[in-house]
Amino acid sequence: MAVILNIETSAAATSVALTAEGMVLAHQEDMDGRNQAVLLSDFIKYCLDFAAEKELKIEAVAVSMGPGSYTGLRIGLSEAKGLAYALDVPLIGIDTLKLMACQVMFTHESLTGDEIFVPMVDARRMEVYTCAYDFSLEPLMNKTPLILDGESYADIIGRGCKVLFFGDGSSKAKKLFFAPNVEFVDGITPLAIDMIALSEQAYARRDFLDTAYCTPDYIKDFQATKPKERLA
């Protein structure tokens, strides 16, 4: 299997992992806030130095493409593009929602294979970026920005299978969905160490990005807000 440098900056965490053959060889991560601009370069250097020390040749760079933080995604992709150019290796894009689903698959106990996985990335107010996957990671619902209400996911929940909701947007849904087949999985944050299966699969399939022209998958256009005026 290829030696891949994985970069994840779509949410509050900043993380980088050097992986090969399904194993994490070196990694760095910070969970304390949106510090990508400050920490990412040092985390990458740590993994590059480890690879050099072990005489490992990095064969691809993988980066989480979103949806998620507009700023974080731009920082991560910019660094990943620069590395891919400098190392003359292909660039792999990882869907953040699928990455979160993989994390639940590999960490959640007592899965039967019939579950539906619903990642939810927090957006504004009652909105989330979301989709739904079956156990084969085939989409049952396309990626979309969704304003939550009591009828959201009615078709998915109505299938009768266990539906697992997770991600930093899922707290908004806890007061809306009470069906017996609904379960909320806490603590799911996209991290580089969980990119292994997807990045290795993409490398094996030669599923690479156009390094020059690829852009993050924001799902919807960025909307700037006007700062509130301070009262005198």
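## Helix α3 and its buried residues

In helix α3, the buried residues (under 20% relative accessible area, with a 1.4 Å probe and protein chains only) are T96, L97, L99, M100, A101, C102, Q103, V104 and M105. That makes nine of the twelve residues in α3, a helix that is mostly covered. This is a predicted model, where local features need pLDDT of at least 70 and side-chain atom pairs pLDDT 80 or more, while totals for chains, interfaces and linings use all residues. Numbering starts from 1 along each chain as its sequence is written, and side-chain values use heavy atoms, leaving out hydrogens and water.

From its first C-alpha to its last, α3 reaches 17 Å, close to the 16 Å expected (1.5 Å times one less than its number of residues).

## The start of the helix

Let's look at T96, which lies in α3 and has a relative accessible area of 1%. Leaving aside residues up to four places away in sequence, T96 touches (heavy atoms within 4.5 Å) E8, S10, S64, M65, G66, P67 and P190. Also at the start of α3, a side-chain oxygen of D95 comes to within 2.8 Å of the backbone nitrogen of L97.

## The sheet beneath our helix's path

Helix α3 lies across β6, β7, β8 and β9, and runs at about 125 degrees to β6. These strands belong to an open, mixed sheet of five, ordered β8-β7-β6-β9-β10 (strands pair if DSSP finds at least two bridges between them). β8 and β10 are at the edges with a single partner strand each, so one side of each has no neighbour in the sheet. The twist averages 20 degrees from one strand to the next.

Strands β6 and β9 pair in the parallel sense over four bridges, with I116 opposite V163 in β9.

Technical notes
Axes are lines fitted to C-alpha atoms, for helices over the stretch in contact, and angles run from 0 to 180 degrees between N-to-C directions. Buried means under 20% relative accessible area, exposed over 50%, partly exposed in between (1.4 Å probe, protein chains only). A polar contact is a pair of N or O atoms within 3.5 Å; within protein, one must be able to donate a hydrogen and the other to accept it, and residues adjacent in sequence count only if both atoms are side-chain atoms.
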